[in-house]
Amino acid sequence: MDLPARCEVVVVGGGIVGCSIAYHLTKLGVTDVLLLERKELTCGTTWHAAGLIGQLRATRRLTELARYTAQLLPELEAETGIATGFRQHGSLALALHAERFHELRRGASMARSFGLEVEVLGPAEAKRLHPLVETSDVVGAVFLPKDGQADPVGITQAFAKGARARGARILEHCPVERILVENGRAVGVRTPLGEVRAGTVVIAAGMWSHALGRTIGVAIPLHAAEHFYVVTEPVPDLPRRLPVLRIMDECAYYKEEAGKILLGCFEPVAKPWGMDGIPEDFAFGTLPEDFDHFQPILERAMYRLPVLQKVGIKTFFNGPESFTPDDRYLLGETAEVRDLFVACGFNSIGIQSSGGAGMALARWIVDRRPPFDLLEVDVRRLPPFMASRTFLRDRTVETLGLLYAMHWPDRPYATARGARRSPLHDRLVALGAVMGETAGFERPAWFATTEAERDWRPSWGRPCWHEACARECRAVRDAVALFDQSGMGKILVTGPDALAVLDRVSTARIDVPAGRVVYTCWLDERGGIVSDLTVTRLSETEFLVITATASLTRDLAWLRERMPADARCAVVDVTSSLALLALMGPKSRALLEALSGEDLANATFPFATSRELEIGYARLRATRLTYVGELGFELWVPADQAVHLLERILEVGPRFGLAPAGRFAQESCRIEKAYRSYGHDIGIEDDPFSAGLGFTVALDKPGGFIGREALLARRAAPDFGRRRLVSIRLVDPSVFLHREEPILEDGRIVGSVSSGAFGHRLGASSGLGWITLDEPVTAERLARGRFAVEVAGEPVPAELSLRPFYDPSGSRVRS
């Protein structure tokens, strides 16, 4: 086949995901698709994948995408006539200790909430499903009967055949040397056979994607790691319908394969590969055997499956797979180059995710917006520095093993830390800060007063930081707490058209006097929330946008994309130039007055206003806002004066009961007060009215805003009001909420928890969550309902409310 001069979409990479994208594009009517493969289809990672088709993932959306794949495979085989090898014999996960069994039971509750079939079993029941496994030390198990296994090469060939049948062209032995970019947009690719111009370019090149993006300044954070498995000699009388077996406490998985047993692992200390580049001729390649590395896995496996003691090993396999810094794949349009999409970094779940990821990205390409909430896999979620090769190598040592490690709530990464630090980092550590990180930014999680409190010991129940967090929350409630929020994203929008640009993308009125702060949502064209943030008007032509640390890259890209080409407006990331210290609590005003010598009473400094102050030698901007539900002030100071400001605060602070506080205290307080967190409580599938943020919407402002008409249509729908975000308080204070626990009414699942924490001011576990009822959700309806939250399979009675349980009137904030 000759290389065409142009096409509508060019897909770079002929693995299972690239072929799935081509297949799904043609199903949507986009038939002018060209797929380019450097060697042969499947030759990178797909050909050696184990082919496990699990459906339960860590979140609802990832589960739905994996389930789509499982549902698609029989249809794909029937359509194309190519066998996919899909067999639904189920999967069985065993727990060897109580904490793992608790995790599995939490997963089973999530599975039920997601609509998956799931069974919680004892050791004897697990033994009946898998007679070969040793269960004398097994605590419990979870079985998903619709899971299975398949042939990755067969699936890929079926996707390719289906795509070709509808007009797509697939050209092998045609490597892409460079993505062509003009005026900030991808316009095609360059190959040894010539250039191809295209309206859309998709990088689905697996472990080659990072280098391809790097040549044009696009961050694609992934790195290859060595992945090991062995295949035994034929096992006499081996049952052919064994479920896939996972024993995460031993880092191992097992599957029956043509009368043999395949044993693979996700070991805790992995071996990164390819940092200096992947050889040009690498195809259907393997890596050197490392039996010493694999031996501990095999020794445990011979105890777990005694039959392994009686058969030899036919194949010892070591091949590369790509991993991302947070173990979630990369999907969507890049922040740096428009019309350039990626689908890569699948962290050993590419086969089970291939159908769903291909479907989602094809729809994203056609509509030029995500078809549903894909924030957790959006390539723009990760800051650009995470594409550093050294960072990726160091993090990949850990991320492979995290797939089977305990999935503790709030578990910190142990590797590749310290890349982004506040100017106050060392001072805070000296004050007892135990550091966590958000989007690579080091931030205090809590402050320890003893060496014992510094030890990060995770738990599904009462965590090791519980008492430290309680102290900090009491300071927030009774005195004043100091938070370092320097990692918050800070965007300066300036120019004669800055107001028009921001007013068009914001639901709230931005045309306010200088010194006013506006909390607003940004919506997409369908009326869904793409961000919630604050906008401070600094002058007639200057505005400062403050957004979440993890939202900065995405929000910057979104704002720039929607700015008219002829707008007299500059959008600048000023995050690194400003530190942000927050003083929160009833004594924060008195402390700030003592520091500044200014009158900061309500009359002179009301809520949601901002003004300049002098403290010591520092000139800074103080903003009266809160994210903890108390009187509070945010202090934005030039980064080079942040240490000086901290010193002054610490000099005066003891007179007012000042205590440093960390992220866990802030999270506890914000959930008690029902403050929303983007990516947890709200996203693009949610509208401001259903999310309880209707007060941010100015439907009557001149010129309207992006998403206004769609928002009105949503509100006019007959079922509007039946789905709402609510506050949750558990009756039993010994049970802890985290996320994705099912919400029940009379035993029936009606929703799930979006955020959870122990509320130290309430003395109860609290949370936020979405529910859908058969009638409008009102205060009266919630009052007469009998609600519970299912935690690890057990229903725990709960109260639900449309208002926050802590200070519902907001009097403490405005005091």
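**Helix packing and two sheets in a predicted model**

Let me begin with helix α1, residues 16-27, and helix α8, residues 350-367, which pack with their axes 8 Å apart and at an angle of about 45°. I should say at once that this is a predicted model, and everything I describe this morning should be heard with that in mind. At that angle α1 and α8 are therefore oblique to each other, and the crossing the two helices make is right-handed. On the α1 side the contact is made by Ile16, Val17, Ser20, Ile21, His24 and Leu25, while α8 contributes a longer list that includes Gly350, Ile351, Ser354, Gly355, Gly358 and Met359, and also Leu361, Ala362, Ile365 and Val366. Sorted by class, the residues in this contact of α1 with α8 are 10 nonpolar and six polar, with no charged residue among them.

Let me turn now to a sheet in a later part of the chain. Five strands form an open sheet here, and their order is β24-β25-β26-β23-β27, with antiparallel pairing. The edges are taken by β24, residues 517-523, and β27, residues 570-573, each of which has a single partner strand, so that one side of each is left without a neighbour in the sheet. If we ignore direction, neighbouring strands of this sheet are turned against each other by 30° on average. Within the sheet, β23, residues 489-494, runs antiparallel to β26, residues 542-547, and six bridges join the two strands; as one example of the register, Leu492 has Leu544 in β26 as its bridge partner. Helix α14, residues 552-561, lies across β23, β24, β25, β26 and β27, and runs at about 170° to β27.

There is a second sheet to set beside that one. Six strands form this open sheet, in the order β29-β30-β31-β28-β22-β32, and here the pairing is mixed. At the edges stand β29, residues 610-615, and β32, residues 658-660, and since each has a single partner strand, one side of each is left without a neighbour in the sheet. The twist from one strand to the next averages 30°. Strand β22, residues 480-484, and strand β28, residues 578-584, run antiparallel and are joined by four bridges, with Ala481 standing opposite Met584 in β28. This sheet, too, has a helix lying across strands: α15, residues 588-596, lies across β22, β28, β29, β31 and β32, and its direction is at about 55° to β29.

What does α15 pack against among the helices? Its partner here is helix α16, residues 642-652, and the two pack at an angle of about 115°, with their axes 10 Å apart. The crossing of α15 and α16 is right-handed. Leu591, Ala594 and Leu595 in α15 meet Arg648, Ile649 and Val652 in α16, and by class the residues of this contact are five nonpolar and one charged, with no polar residue.

A further helix pair is α12, residues 466-478, and α17, residues 663-672, whose axes come within 9 Å and cross at roughly 60°. These two helices are therefore oblique to each other, and α12 passes α17 in a right-handed crossing. The residues that make the contact are Cys469, Glu472, Cys473 and Val476 of α12, together with Phe664, Ala665, Ser668 and Cys669 of α17. In terms of class, the contact of α12 with α17 has six nonpolar residues, one polar and one charged.

I will finish with the charged pairs. Side chains of opposite charge can pair when their charged atoms come close, and a search of the whole structure finds 59 salt bridges. I would single out the one that Arg61 forms with Glu685, where the closest N and O atoms are 2.0 Å apart. Which parts of the chain does this pair link? Arg61 belongs to helix α2, residues 60-80, whereas Glu685 sits in the loop between α17 and α18, so placed that the pair, 624 residues apart, links distant parts of the chain.

Conventions: Residues numbered from 1 in each chain as written. Predicted model: local features only at pLDDT ≥ 70, side-chain atom pairs only at ≥ 80, totals over all residues. Heavy atoms only, no water. Axes fitted to C-alpha atoms, helices over the stretch in contact; angles between N-to-C directions. Parallel < 35°, antiparallel > 145°, perpendicular 65-115°, else oblique. Left-handed = near helix turned anticlockwise from the far one by under 90°. Contact = heavy atoms within 4.5 Å. Nonpolar A, V, L, I, M, F, W, Y, C, P; charged D, E, K, R; others polar. Pairing = 2+ DSSP bridges. Salt bridge = Lys/Arg side-chain N within 4 Å of Asp/Glu carboxyl O.
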